[in-house]
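Here's a quick tour of a few spots worth a look. Have the sequence and the 3D view open as you read.

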Amino acid sequence: QVQLVESGGGLVHTGGSLRLSCAASGDIFSKYVMGWFRQAPGKEREFVAAINGSDGRTNYADSVKGRFTISRDNAKNTVYLQMNSLKPEDTAAYYCNASEAVQGLTFEYWGQGTQVTVSP
């Protein structure tokens with residue numbers, strides 16, 4: 001299994017930028033699909049972005065397309081989320097996710113989360 005530790009959250013004004021990092025340890029990083037999810041107070045956790053380990057293909061929620069960029073450095077066992085043009089509605093706890101499909105089963109691992117707050 002893999003352990004995940006996020007960093008990079010903080011307070012930023014509308015229109016600002018932040019870069020989140022998620023450092024992984026404990027397993028072969030490149031075999032996992034890495035993703036970012038977020039959860040605002042009183043709301044369910046929602047998908048933000050994901051990136052494949054093998055070919056680097058990415059996928060984004062419509063709400064962040066064109067503003068957020070997910071990337072990974074397999075040599076550093078780290079996945080990043082560059083967030084630009086931030087809006088107050090982006091305020092949430094952001095969680096790093098690692099997932100792996102094994103024989104028809106999906107195994108998922110989560111980080112502890114990092115808070116992002118965007119002020120008006």
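What follows is a short report on three places in this model.

## Ground rules

This is a predicted model, where local features need pLDDT of at least 70, side-chain atom pairs count only at pLDDT 80 or more, and totals for chains, interfaces and linings use all residues. Residues are numbered from 1 along each chain as its sequence is written, and side-chain values use heavy atoms, leaving out hydrogens and water.

## Glutamate 6

Start in strand β1 (residues 3-7), home of glutamate 6; strands are DSSP runs of E, at least two residues, numbered from the N terminus. Glutamate 6 is buried (under 20% relative accessible area, 1.4 Å probe, protein chains only). It has no salt bridge (a side-chain nitrogen of Lys or Arg within 4 Å of a carboxyl oxygen of Asp or Glu). The nearest side chain of opposite charge, arginine 45, sits 7.4 Å away.

So what does the glutamate 6 side chain reach? One partner is the backbone nitrogen of cysteine 96, at 2.7 Å; another is the backbone nitrogen of glutamine 112, at 2.9 Å. Beyond its neighbours within four places in sequence, glutamate 6 is in contact (heavy atoms within 4.5 Å) with residues including Trp36, Tyr94 and Gly111.

## Leucine 105

Leucine 105 belongs to strand β10 (residues 105-110). It counts as exposed because its relative accessibility is 52%, and exposed means over 50%.

## Glycine 15

Glycine 15 is in the loop between β2 (10-13) and β3 (18-25). Leaving aside neighbours within four places in sequence, glycine 15 touches Ser85 and Leu86. Glycine 15 and aspartate 90 are 75 residues apart in sequence, yet 11 Å apart in space, C-alpha to C-alpha.

Note on methods:
Helix = DSSP H or I, 4+ residues; strand = E, 2+ residues; numbered from the N terminus. Lys, Arg positive; Asp, Glu negative; His and termini not counted. Polar contact = N/O pair within 3.5 Å; in protein donor to acceptor, adjacent residues only side chain to side chain.
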